[in-house]
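I'm opening a fresh notebook page for a structure I haven't looked at before. I'll jot down what I look up as I go.

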Amino acid sequence: MRTYNGCTQERELLVLGGNGFVGSHVCREALDRGLSVASLSRSGRSSLHDPWASNVTWHKGNLLSPESLKDALDGVTSVISCVGGFGSNSYMYKINGTANINAIRAASEQGVKRFVYVSAADFGVRAAETELLTKFPYGGVILRPGFIYGTRSVGSVKLPLGVIGSPLEMRYSQLFQHTRPLNQLPLVGPLFTPPVNVTAVANVAVRAATDPVFPPGIVDVYGIQRYNQKSNTARVSNQYRISEREKMNHNQNQNQNQQSSEGSRHDDDAALTEFLASLMDYTPTIPDELVEHYLAKSGFQCPDVRLIRLVAVATQKFVSEVATDALQQCKARQASVVKDKRDKQQKDKRLILTMEDLSRALREYGVNVKHQEYFADSPSTGLDPASREE
Ligand SMILES: NC(=O)c1ccc[n+]([C@@H]2O[C@H](COP(=O)([O-])OP(=O)(O)OC[C@H]3O[C@@H](n4cnc5c(N)ncnc54)[C@H](OP(=O)(O)O)[C@@H]3O)[C@@H](O)[C@H]2O)c1
């Protein structure tokens, strides 16, 4: 057990390919979360010169010779594989497929709890994915990003890779550019998926490897973006909650003798803060995705989950109020019918909610819903026009 940034590192995480583009960001993210991090690759530490690299335990090994993995897996609870390779098809099947399958089997035999695999478009990865889901049915997570962009460290030089500049995809296209049209290549999938930042992939990979309730299975690029957004919001919200609590405690001590009106304003602020914070732990009936979809349709993009849930809760409240009002309208309508035709109707006490009740309730909220006469549930259907209400 070691310390980094003042944190005690408790859980052992092994990053396969921790000196590569994605792997190095995964190592940094895990160190930032206070984890104990080791890496295994053919060249070990390789050319990384960043200060954080000295907090990683670097192992040299080749996944094509699984026995070289044994020592590195000792005491490890989670593995993240960022191992991939490029070259001929058979070489890629070997590195993406066989190498990762070897790692999955060795990790399972050593009793590793969770295994996350940063997968790619094709070339052997499907066999590795199947192996992972078989060997780790409860703790196996496959991340399937398309393009990954970010900064790649080469020695002391940092290469900023733009949206199209992900090195693997570049190598794919270099490999095939004169042989087949682009739309016939297996990388056509990634071309149609949005690019994702390497820090988002690293964030979700570490969370999937360490959070026991992270669901097993495949996470595509949209899932990566969503999980990343949620955990960023949770982090901001936690910091906000802590600083607000500290502020509240401080204010309580300072303002004991202040006037009552000011005290009640603080109460309101505190209640609002508590309410917003509680939305992080509350699952509204209307799913976040649905709210996000309709907000996006109206041109409103919001990365703050609390705001999405606030809209969901407000909508839920609105729908339930309209339903209650419509029920009242229904009761009033049926009561007046009973008065008119007392003998006939008295036996049937069922309430039948109609569009007429709903549109009356909605009218009070400024929503005008006109129900077509020919709808079967319209109470006036089939009546003589002279006897109709409106
Ligand atoms: N970059 C992208 O845009 C992108 C997009 C989608 C998916 N992915 C996937 O993400 C993963 C990581 O990609 P990357 O861009 O980070 O690749 P990378 O920079 O080339 O890193 C690959 C890593 O794997 C290690 N490695 C290769 N063969 C190995 C073997 N036989 N035994 C042990 N280690 C081995 C390499 O280290 P040594 O050479 O020292 O062994 C290196 O650390 C890959 O699975 C890739 O398919 C990447």
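These are my entries, going from the whole chain to a few chosen spots.

**Whole chain.** I noted at the start that this is a predicted model. I looked up the secondary structure and got twelve helices and twelve strands for the protein chain. The chain has 390 residues, and 40% of them are buried. I then checked the contacts between residues at least 6 apart in sequence: 67% of these join residues at least 24 apart. For the surface, I wrote down about 22,300 Å² exposed by the protein chain, with carbon and sulfur atoms supplying 53% of that.

**The ligand.** Which residues come nearest to the ligand? I found Asn 19, Val 22, Arg 42, Ser 43 and Asn 62, out of 25 residues around it. I sorted that shell by class and got eleven nonpolar, eleven polar and three charged residues.

Next I looked at oxygen atoms of the ligand. A polar side-chain atom of Asn 19 is 2.4 Å from one ligand oxygen. With Val 83 the backbone is involved: an N or O atom there lies 3.2 Å from an oxygen of the ligand. Val 118 also uses a polar backbone atom, and I have 3.0 Å between that atom and a ligand oxygen.

How much of the ligand does the protein bury? Taken alone, the ligand exposes 890 Å², and the protein buries 93% of that. I also looked up which elements give two or more residues to the shell, and they are α1 (21-32), β9 (148-154) and α4 (167-176).

**Helix α9.** I moved on to α9, which runs over residues 288-297, and found Asp 288, Val 291 and Leu 295 buried. Why do they sit on the same side of α9? They cover an arc of only 65° around the axis, so they share a side of the helix. My reminder to self: an α-helix has 3.6 residues a turn, so residues three or four places apart point the same way. Just after α9, I saw that Gly 299 takes a positive phi of about 85°.

**Asp 357.** My last stop was Asp 357, in helix α12 (residues 355-363). Is Asp 357 buried or exposed? I have it as buried, because its relative accessible area is 2%, and the cut-off for buried is under 20%. A polar atom of its side chain lies 2.9 Å from the backbone nitrogen of Thr 354. Leaving aside neighbours within four places in sequence, I listed the contacts of Asp 357 as Ala 326, Gln 329, Cys 330, Arg 333 and Ile 352.

Note on methods. Residues are numbered from 1 along each chain as its sequence is written. This is a predicted model: local features need pLDDT of at least 70, side-chain atom pairs count only at pLDDT 80 or more; totals for chains, interfaces and linings use all residues. Side-chain values use heavy atoms; hydrogens and water are left out. Buried means under 20% relative accessible area, exposed over 50%, partly exposed in between (1.4 Å probe, protein chains only). Helices (H or I, at least four residues) and strands (E, at least two) are DSSP runs, numbered from the N terminus. The arc is that of the directions from the helix axis to the C-beta atoms. A residue is near a molecule or strand if one of its heavy atoms lies within 4 Å of it. A polar contact is a pair of N or O atoms within 3.5 Å; within protein, one must be able to donate a hydrogen and the other to accept it, and residues adjacent in sequence count only if both atoms are side-chain atoms. Accessible areas come from the Shrake-Rupley method with a 1.4 Å probe; for residues, only the protein chains shown count as cover. Ala, Val, Leu, Ile, Met, Phe, Trp, Tyr, Cys and Pro count as nonpolar, Asp, Glu, Lys and Arg as charged, and the others, Gly among them, as polar. Contact means heavy atoms within 4.5 Å.
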